[in-house]
There are 2 protein chains.
Amino acid sequence: MKRIAENTINRLIVYKKELERLRKDDVRNVFSHKLAFLSGFPSHLVRRDLMNVGYNGSPAHGYDVVELEKCIADFLCTPGSVRVILIGVGNLGRAILDYCQQQNHKISMVAAFDSDKNKVNKVYHGIYTFHIDSIKNFIKENDIKVAIITVPASDAQEIASALVESGVRGIVNFTPARLQLNEEVYIENLDMMLGLEKVVYFVDGG
Amino acid sequence: MKRIAENTINRLIVYKKELERLRKDDVRNVFSHKLAFLSGFPSHLVRRDLMNVGYNGSPAHGYDVVELEKCIADFLCTPGSVRVILIGVGNLGRAILDYCQQQNHKISMVAAFDSDKNKVNKVYHGIYTFHIDSIKNFIKENDIKVAIITVPASDAQEIASALVESGVRGIVNFTPARLQLNEEVYIENLDMMLGLEKVVYFVDGG
DNA sequence: TTTGAATTGTGAAAAAAATCACAATGCAAA
DNA sequence: TTTGCATTGTGATTTTTTTCACAATTCAAA
């Protein structure tokens, strides 16, 4: 099986989301141009990407919304349900917990962790908060593979190392710290300032 | 002037941040391998990128931390100060306001906006919140070019259109909505679920 | 001075990604 | 039926990005 580029994966995730929206609006079929318009990518790239996932549309009716959504979901291997935990119930952490609750994704947030006694044993946006000390056991017992880090930058490396040691294989890192980890671990850095800097660059320079 | 790829810009922003950190630790010089290690990219890519910004190091001492940081900052055109506003003082909005305060960037958050009467005229993390109705005037009077959107997805398109109409040229969009705008406007989509989905994919599939 | 070791900068090659362009398809209307 | 049209799927091409590999550089030590 051919390795798929990260950019392709990004786009597929966007297509999937747009397809989900179309499905909810009871739209049955969609053409590559329409999907391209909705996602913000050129239509030939849409077709090329769908070639990668192996879905075939028809020249007459385009793509079947439901089938294509399912096909992409299968391709992305989002199986029954993926359990995710979040570490750091600060402003941002709570925002994300809230955000997760709103979505009916196959990704389910199962627990939050914090070191602050005032937050431990409380429920935020439907998610129970445990003390950070119990995290290693939790990960092992529940076979958690993916975690979201929203702690202060200074704590990020230590937490991340502990996560990986316990079995976590993928991390969404919302802190500005660059994590140094075993390279089998997939890290998605989402430093919000970075996005802002990029916009500033493209607005007045590029 | 040659057009620089978006990925290159992403990396340059990361290098700049690492250089800033090194500078604060009073490190004077850095080699491409070290900078590569800190940023998480291969060293030959670091060298290639620095070639793009036109900075020359020395084989004996590598790169001068202070000079290189300045060189990248100039290249990225982060001038004296860029004024940014934020729309939507919810969980996420407040998290970002907090985050901005912590950084001593050349990017300065100058105002927040919301439609909720309970939030208007209050100060969050040092930033004053105005009513959304005053946003068009504010943008024009203060010549705001960049905005961050953290409103509910259903309001995003309307707000974004109003921003662009008033003169905004770049938007950091934290909502899951795909904004349809004039294509001269630079949009950075930071849908947090998308990052999570990507990690899930690379952990159990790719 | 001379040698050796480490590093930079960059042409050239390779790999990857995006775009083009068009044959093949399937429907609708004449 | 037949014609015409809009669309898909995909080889081929182009462009972009990354990687390789090594000459040139600089310093320290002999």
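1. Which atom of DNA strand D is 2.5 Å from an N or O atom in the side chain of Ser32(A)? It is a phosphate oxygen of DNA strand D that stands at this distance from the Ser32(A) side chain. The model is predicted, and the points below should be read with that in mind.

2. Chain A as a whole. Chain A contains 8 helices and 9 strands. Its C-alpha atoms fill a box of roughly 60 × 45 × 35 Å along the principal axes. The chain has 206 residues, of which 52% count as buried. Among contacts in chain A with a separation of 6 or more, 57% are between residues 24 or more positions apart.

3. How the two protein chains are related. In general, a rotation about an axis and a shift along it relate two copies of a chain. Here a turn of 180° with a shift of 0.0 Å along the axis lays chain B on chain A, with an RMSD of 0.1 Å. This is the relation of a two-fold axis. The interface residues of chain B are, to 100%, also interface residues in chain A, so the copies meet through the same surface.

4. Surroundings of DNA strand D. There are 23 residues around DNA strand D, and those that come nearest are Ser32(A), Arg48(A), Gly57(A), Ala5(B) and Arg48(B). Of the atoms of DNA strand D that come within 4 Å of the protein, 65% belong to sugar and phosphate. Helix 2 (32–39) and helix 3 of chain A, and helix 3 of chain B, each supply at least two residues of the surface near this strand. Helix 3 of chain B has the largest share, 4 residues. By class, the surface near DNA strand D divides into 10 nonpolar, 8 polar and 5 charged residues.

5. Polar contacts to DNA strand D. Besides the phosphate contact of Ser32(A), a polar backbone atom of Pro59(A) is 3.3 Å from a sugar or linking oxygen of the strand. A base is also reached: an N or O atom in the side chain of Arg48(B) is 2.8 Å from a base oxygen of DNA strand D.

6. Surroundings of DNA strand C. DNA strand C is surrounded by 24 residues, the closest being Ala5(A), Arg48(A), Ser32(B), Arg48(B) and Gly57(B). Sugar and phosphate make up 64% of the atoms of DNA strand C that come within 4 Å of the protein. At least two residues of the nearby surface come from each of helix 1 (6–24) and helix 3 (43–53) of chain A and helix 2 (32–39) and helix 3 (43–53) of chain B. Helix 3 of chain A gives the most, with 4 residues. The surface near DNA strand C has 10 nonpolar, 9 polar and 5 charged residues.

7. Polar contacts to DNA strand C. Two residues of chain B meet phosphate oxygens of DNA strand C: Ser32(B) through a polar side-chain atom at 2.5 Å, and Gly57(B) through a polar backbone atom at 2.3 Å. From chain A, an N or O atom in the side chain of Arg48(A) is 2.7 Å from a base oxygen of the strand.

8. Helix 8 of chain B. What span should the 13 residues of this helix, 192–204, have at 1.5 Å a residue? The expected figure is 18 Å, and the end C-alpha atoms are 19 Å apart, which agrees. Of these 13 residues, 12 are buried, so helix 8 is largely enclosed by the rest of the structure. The buried residues include Glu197(B) and Lys198(B) as well as Leu194(B), Val200(B) and Phe202(B). At the start of the helix, a side-chain oxygen of Asp191(B) reaches to within 3.1 Å of the backbone nitrogen of Met193(B).

9. Thr150(A). Is this residue buried or exposed? Its relative accessibility is 10%, so Thr150(A) counts as buried. Thr150(A) sits in the loop between strand 7 (146–149) and helix 7 (153–166) of chain A. A polar atom of its side chain lies 2.6 Å from the backbone oxygen of Gly88(A). Leaving aside residues up to four places away in sequence, Thr150(A) touches several residues, among them Leu86(A), Ile87(A), Leu92(A) and Phe174(A).

10. Ala60(B). This residue is in the loop between helix 3 and strand 2 (63–64) of chain B. Ala60(B) counts as exposed because its relative accessibility is 54%. Its C-alpha atom is separated by 51 Å from that of Gly90(B), 30 residues apart along the chain.

Methods: Residues numbered from 1 in each chain as written. Chains lettered and ligands numbered in written order. Predicted model: local features only at pLDDT ≥ 70, side-chain atom pairs only at ≥ 80, totals over all residues. Heavy atoms only, no water. Expected span 1.5 Å × (residues − 1). Buried < 20%, exposed > 50% of the residue type's maximum accessible area, 1.4 Å probe, protein only. Polar contact = N/O pair within 3.5 Å; in protein donor to acceptor, adjacent residues only side chain to side chain. Near = heavy atom within 4 Å. Nonpolar A, V, L, I, M, F, W, Y, C, P; charged D, E, K, R; others polar. Least-squares fit on C-alpha atoms with pLDDT ≥ 70 in both. Contact = heavy atoms within 4.5 Å.
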